[in-house]
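Thank you all for making time this morning. I would like to walk you through one structure, and I will try to be careful about what can be read from it.

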Amino acid sequence: MIEIIPFMLFLLAIPDEGPGEIELSRYPALFETEAECREYGERVVHARVTMEHENATFFQVFCEPVPQGEEYENLFEKLDEKRKRSSEAQDQ
């Protein structure tokens, strides 16, 4: 069995006008490889600069692997523990 860990594309936009306008967005798609993700991210940035004339904005492309099932399980266990402690505290 082949295990595929897909990648998520994030774009960070930092305009020259000021740090209060920083925008971090996740592109609503998954990619099979990090290279494919980065290539697509660069095309998205190029299109935004060309179409929106955002040449005064610095863009950074990030490709991060989708969290694995174990990470979700750990999170849900922590949430369950937190709820249990909260419930016990309310009962006292």
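I will go through the sheet, then the core, then the disulfide, and finally a group of aromatic rings.

Please keep in mind throughout that this is a predicted model, and that the values I quote are computed from it.

Let me begin with the sheet, which is open and has three strands in the order E2-E1-E3, with antiparallel pairing. The strands at the edges are E2, covering residues 23–31, and E3, and each of these pairs on one side only. From one strand to the next, the twist averages 20 degrees.

If we look at the pairings one by one, E1 and E3 run antiparallel to each other over nine bridges, while E1 and E2, also in the antiparallel sense, pair over seven bridges. To help you find the register on your screens, phenylalanine 10 stands opposite phenylalanine 62 in E3, and proline 15 stands opposite threonine 57, again in E3. On the other pairing, leucine 9 has tyrosine 27 of E2 as its bridge partner, and I would ask you to remember that tyrosine, since I will return to it.

Strand E2 also contains proline 28, and here one may ask whether proline 28 is buried or exposed. With a relative accessibility of 72%, proline 28 counts as exposed, because the cut-off for that word is over 50%. The C-alpha atom of proline 28 is separated by 9.3 Å from that of phenylalanine 10, and the two residues are 18 residues apart along the chain.

E1, by contrast, is mostly covered, with seven of its nine residues buried, and that brings me to the core.

Which residues make up the largest nonpolar core? There are eleven of them, namely Phe7, Leu9, Leu11, Ala13, Phe31, Cys37, Val44, Val45, Phe59, Val61 and Cys63. The elements that contribute two or more residues are strand E1, residues 7–15, helix H1, residues 34–52, and strand E3, residues 57–65. The largest share, four residues, comes from E1. As general background, nonpolar side chains in soluble globular proteins tend to be buried together.

To make this more concrete, let us take valine 45, which is found in helix H1. Its relative accessibility is 12%, so valine 45 counts as buried. Setting aside residues up to four places away in sequence, valine 45 touches Leu11, Phe59 and Val61. From valine 45 to glutamate 21, on the other hand, the distance is 17 Å from C-alpha to C-alpha, with their positions 24 residues apart in sequence.

Two of the core residues are cysteines, Cys37 and Cys63, and they take us to the disulfide, of which the structure holds one. It joins cysteine 37 to cysteine 63, with the sulfur atoms 2.2 Å apart. The torsion about their S-S bond is about -95 degrees, and the disulfide is therefore left-handed. The pair links distant parts of the chain, since cysteine 37 is in helix H1 and cysteine 63 is in strand E3, 26 residues apart. Both ends count as buried, cysteine 37 at 0% relative accessibility and cysteine 63 at 5%.

Finally, the aromatic rings, where the structure holds two pairs. In one of them, tyrosine 27 and tyrosine 40 are tilted, at 5.1 Å from centre to centre and with 55 degrees between the planes. Because tyrosine 27 lies in strand E2 and tyrosine 40 in helix H1, this pair ties together parts that are 13 residues apart in sequence. Tyrosine 27 counts as partly exposed, at 27% relative accessibility, and tyrosine 40 is likewise partly exposed, with a relative accessible area of 24%.

The other pair, phenylalanine 31 with tyrosine 40, is tilted as well, at 5.4 Å centre to centre and 40 degrees between the planes. Phenylalanine 31, at 7% relative accessibility, counts as buried, and, leaving aside neighbours within four places in sequence, phenylalanine 31 is in contact with Pro6, Phe7, Leu9, Glu36, Cys37 and Tyr40.

Taken together, these ring pairs link Tyr27, Phe31 and Tyr40 into a cluster, and Phe31 is also one of the residues of the largest nonpolar core. I will stop there.

Note on methods. Residues numbered from 1 in each chain as written. Predicted model: local features only at pLDDT ≥ 70, side-chain atom pairs only at ≥ 80, totals over all residues. Heavy atoms only, no water. Core = buried A, V, L, I, M, F, W, Y, C linked by side-chain atoms within 4.5 Å. Buried < 20%, exposed > 50% of the residue type's maximum accessible area, 1.4 Å probe, protein only. Contact = heavy atoms within 4.5 Å. Pairing = 2+ DSSP bridges. Axes fitted to C-alpha atoms, helices over the stretch in contact; angles between N-to-C directions. Disulfide = S-S within 2.5 Å. Phe/Tyr/Trp six-rings, centres within 6.5 Å; stacked < 30°, edge-to-face > 60°.
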